[in-house]
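Hello,

Here is the structure I said I would pass on. My notes follow it.

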Amino acid sequence: MFAGPHFSMDLSGQAEVIDPDTTAYDVAWQGVYRF
Amino acid sequence: MYKLVTLAVAAGALLGASGWWMPAAAQSAEDEVAKQTARQISDAISKRVGEDVGVVYTAPGQGMVTESGNFLNSAWGTLTYNRVDFDGGTFGGSDGVNIFLGTVGYDHRFDNFIPGISVTGAHAKVDQVSGSSDGATVSPYLGYIINDWFFVNALVGVSLANSDIGGADSDSTGVFTEEDANVVWHDGNWLATGKAGHRYRHSRDHEDGFGSTDSEPTRCWRAARSVTGSTRYCPMSAPSTNTISTSTRRTMISSI
């Protein structure tokens, strides 16, 4: 996908086991505009 | 009569316990939010700085490449949804916390140095407990790219937060620092990233009716890794801590 001549973006997700009783999930989107 | 006295004592004990639980749970929630916020800000900054490591912008099918050094200024933003689940009622009987983060940042590249600053807003809600927590964090950062596969970065975060969780109203100020060493390796359509670092975090909470408390300063060493497949050559960075599964999809643009 081309969003423009200076723009990039990133979509990521992850799951993390913090300890046996605690689990974290996250979804992150990042966009960068360079000039 | 004995039954009435027993009930009264039990009710008093329950009220006393709940009065103690509320601020304790609120403080735990705030602490968890602060911890996750620091981690997410750190990951967003690592990801941002990592983009300038050995990156060549490629137009798919055209094979045109341009060094990323042509663009010295970067304005960036990150939106994150974070869910923390607690099993077995380990968090005051709550199932978990939902945290929403929005970060905007700016940096400028001076040769191998990338100094920048970011501002993050955070909103959090705890399951089965009324109220929420809101906070803001300012994080100056500095990245230094050593070569095409290795860079280091450091950041400082200063935060202000207010929470009204379970009827316990509190304000907090916090600070954290982090220093990371990052490795980026790519081969064909595959990319592997890894990072190791150290984080220090400290906060002071002021709970209405309970005074101020300083959190125990926490220090931790982190190690993270990520392996990602890509549909085309596209160096990227997606560091994470203790990650058991990661999927990353990225679109990059061409520079014609």
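The strand pairing in chain B comes first; please bear in mind throughout that this is a predicted model. Leu160(B) stands opposite Thr173(B), a residue of strand S8 of chain B. That strand covers residues 168-187 and pairs with S7(B) in the antiparallel sense over 16 bridges. Val152(B) has its place opposite Ala181(B), likewise in S8(B). Between S7(B) and S8(B) there is a hairpin with two residues in the turn, where Gly166(B) has a positive phi of about 60°.

On its other pairing, S7(B) (residues 150-165) is matched with S6(B) (residues 131-147), again in the antiparallel sense, over 14 bridges. Here Leu142(B) has Ala154(B) of S7(B) as its bridge partner. The connection from S6(B) to S7(B) is a hairpin through two residues.

Next, the nonpolar core. The largest one has 27 residues, and those with the most contacts inside it are Val33(B), Ile45(B), Val97(B), Ile99(B), Ala122(B) and Ala124(B). Two or more residues each come from helix H1 (2-50) and from strands S3 (73-86), S4 (96-108), S5 (113-126), S6, S7 and S8 of chain B. H1(B) gives the most, with seven residues. So the strands of the two hairpins described above also appear among the contributors to this core, as S6, S7 and S8 of chain B each give two or more residues.

Taking Val33(B) as an example, and leaving aside its neighbours within four places in sequence, the residues in contact with Val33(B) are Val97(B), Ile99(B), Ala122(B), Ala124(B) and Ser133(B).

Chain A has 35 residues, of which 31% count as buried. DSSP assigns two strands and zero helices to this chain.

I looked at one residue there, His6(A), which is in the segment before strand S1 (7-19) of chain A. Is His6(A) buried, partly exposed or exposed? His6(A) counts as partly exposed because 17 C-beta neighbours lie inside 10 Å, while a buried residue would need 20 or more and an exposed one would have 12 or fewer.

Leaving aside neighbours within four places in sequence, His6(A) is in contact with Tyr33(A), Arg34(A) and Phe35(A) in chain A, and with Phe71(B) in chain B. The C-alpha atoms of His6(A) and Val32(A) are separated by 8.2 Å, with the two residues 26 apart along the chain.

Regards

Terms used:
Residues numbered from 1 in each chain as written. Chains lettered and ligands numbered in written order. Predicted model: local features only at pLDDT ≥ 70, side-chain atom pairs only at ≥ 80, totals over all residues. Helix = DSSP H or I, 4+ residues; strand = E, 2+ residues; numbered from the N terminus. Pairing = 2+ DSSP bridges. Core = buried A, V, L, I, M, F, W, Y, C linked by C-beta atoms within 7 Å. Contact = placed C-beta atoms within 7 Å.
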